[in-house]
Amino acid sequence: MLTLTFLGVGSAFAKRNYNSNLLIEAWHHGPGTQSGPDDTLLVDFGSTGPLALYQLMQKPGFTYLEHNGIINYPAIHKVFVTHQHADHIGGLEEMALMNAYVYRDPARDKAFKPQIISSLSILMNLWDHSLKGGLSVMAGRYALLQDYFFILALNHQEAGKDGFSMLKRYRFTLFPTDHIQVQHKFDWPSFGLFIEDVQTGESAFYSGDTRYDYPAYARMMERARICFHEVQLVGEPAPVHTLLSELRTLPEAVRRKTHLYHFTDDWDTGPFDSVREEFAGFAVPQQRYTILD
Ligand SMILES: [Zn+2]
Ligand SMILES: [Zn+2]
């Protein structure tokens with residue numbers, strides 16, 4: 001079984017919801033019968049990620065994320081980074097430092113290292129332009145990304161390097177999305193994920209941050225049994241996100257299985273109440289969705 005829990009469902013600047021980051025859990029049996037999952041993956045870990053995880057660990061069913069009152073970071077085995085905006089990467093420095101110092105393996109005198117996964121260019125830029133500032137020194141020496149993480153660099157254009165797996169059963173394939181164009185499409189992409197159960201053929205879709213670009217991912221959304229698409233509720237002239245008005249043009253069958261996330265703090269003020277009927281609804285934070293049985 002594969003479950004998905006939003007740490008938060010908010011936009012980059014939301015204050016009533018945490019950043020749109022995900023905890024994905026893979027289970028041999030299921031949450032009811034195991035004390036914790038067999039494998040774990042964070043999809044992004046933004047500036048509000050640590051606080052959101054701290055809240056989640058206090059909820060029934062998520063106590064494996066807690067250790068002596070603090071976040072049990074070694075319970076997170078993998079982190080996938082969609083892109084470098086702070087609402088998606090701002091918590092990684094804390095995770096790296098806690099794993100390196102608080103959860104240092106005393107037997108080997110080495111940091112606990114989760115796997116960090118993204119495209120090669122995002123991983124290089126993530127280190128050079130963001131994480132290096134706080135993580136490039138340890139007492140007595142300089143440090144690199146690989147001192148904190150096992151690195152898995154993917155390439156969406158190369159078969160065999162365009163994804164990764166959980167429990168050898170759930171296959172995650174990344175695809176670039178049209179988040180920000182500097183000069184041309186995909187020159188500053190974010191990445192979405194198409195998730196397949198290789199045993200049953202069932203699948204799920206996660207857009208990541210993107211402008212509306214349905215032709216690019218229509219086949220995945222049509223095939224998936226459940227979809228999660230980002231949304232910007234109110235329009236502006238040059239959006240880097242997907243407007244609600246654009247999502248309303250999705251085919252009805254796709255709309256009805258699509259949960260919306262990455263929204264501003266005004267989602268429940270009235271004008272957007274029809275989202276509940278038009279779509280699968282607004283994604284609910286800190287609640288487990290079973291995405292693949
Ligand atoms: Zn974002
Ligand atoms: Zn973004």
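**How do you know? A tutorial**

Tutor: Of the 293 residues in the protein, 43% are buried. Mind that the model is predicted: local features need pLDDT of at least 70, side-chain atom pairs count only at pLDDT 80 or more, and totals for chains, interfaces and linings use all residues. As for labels, residues are numbered from 1 along each chain as its sequence is written, while chains are lettered from A and ligands numbered from 1 in the order in which they are written.

Student: What makes a residue "buried" here?

Tutor: A count of C-beta atoms, placed from the backbone: 20 or more others within 10 Å of its own means buried, 12 or fewer means exposed, and anything in between is partly exposed.

Student: Then why is Y64 called partly exposed?

Tutor: Y64 has 15 other C-beta atoms within 10 Å, and that falls between the two cut-offs, so partly exposed it is. Y64 sits in the loop between α1 and β4 (66-67). Helices (H or I, at least four residues) and strands (E, at least two) are DSSP runs, numbered from the N terminus; the protein has eight helices and 18 strands.

Student: Which residues does Y64 contact, leaving aside its neighbours within four places in sequence?

Tutor: S35, G36, N72 and A75. Contact means that the C-beta atoms, again placed from the backbone, lie within 7 Å. For S35, which is 29 residues away along the chain, the C-alpha atoms are 7.2 Å apart.

Student: How do you know whether the radius of gyration agrees with that of a compact globule?

Tutor: The rule is 2.2 Å times the number of residues to the power 0.38, with the radius taken over C-alpha atoms. For 293 residues that gives a value near 19 Å, and the protein has 19 Å, so the two agree. Its C-alpha trace spans about 55 × 50 × 40 Å along the principal axes.

Student: What makes β2 and β3 (39-43) a pair?

Tutor: Two strands pair if DSSP finds at least two bridges between them. β2 and β3 have five, in the antiparallel sense, so they pass. One of the matches is A26 with D39, its bridge partner in β3. These strands belong to an open sheet of seven with mixed pairing, in the order β10-β7-β6-β3-β2-β1-β18.

Student: Why are β10 (150-154) and β18 called edge strands?

Tutor: Each of them pairs on one side only. From one strand to the next, this sheet twists by 25° on average.

Student: What lies across β1 and β2?

Tutor: Helix α1 does, running at about 120° to β1. The angles go from 0 to 180 degrees between N-to-C directions of lines fitted to C-alpha atoms, for helices over the stretch in contact. The buried residues of α1 (49-56) are G49, P50, A52, L53 and L56.

Student: How do you know which side of α1 they are on?

Tutor: Take the directions from the helix axis to the C-beta atoms; the arc is the arc of those directions. The buried residues cover only 160°, which puts them on the same side of α1. What covers them includes β1 (2-8), β2 (21-26), β5 (70-71) and α3 (92-102).

Student: And what about the buried residues of α3?

Tutor: Those are L92, M95, A96 and N99. Their arc is only 95°, so they too share one side of the helix, here α3. They pack against α2 (86-89) and α4 (120-135). As background, an α-helix has 3.6 residues a turn, so residues three or four places apart point the same way.

Student: What makes a set of residues a nonpolar core?

Tutor: Its members are buried Ala, Val, Leu, Ile, Met, Phe, Trp, Tyr and Cys residues joined through C-beta atoms within 7 Å. The largest one has 74 residues, and I195 and F205 have the most contacts inside it. Helix α4 gives the largest share, six residues. I195 also stands opposite A204 in β14; four bridges join β13 (188-197) to β14 (203-206), and the two run antiparallel.

Student: What makes the phi of F186 worth a remark?

Tutor: Most residues other than glycine have a negative phi. F186 is not a glycine, yet its phi is positive, about 70°. F186 lies in the loop between β12 and β13, and with 14 C-beta neighbours inside 10 Å it counts as partly exposed.

Notes
Two residues are in contact if their C-beta atoms, placed from the backbone, lie within 7 Å.
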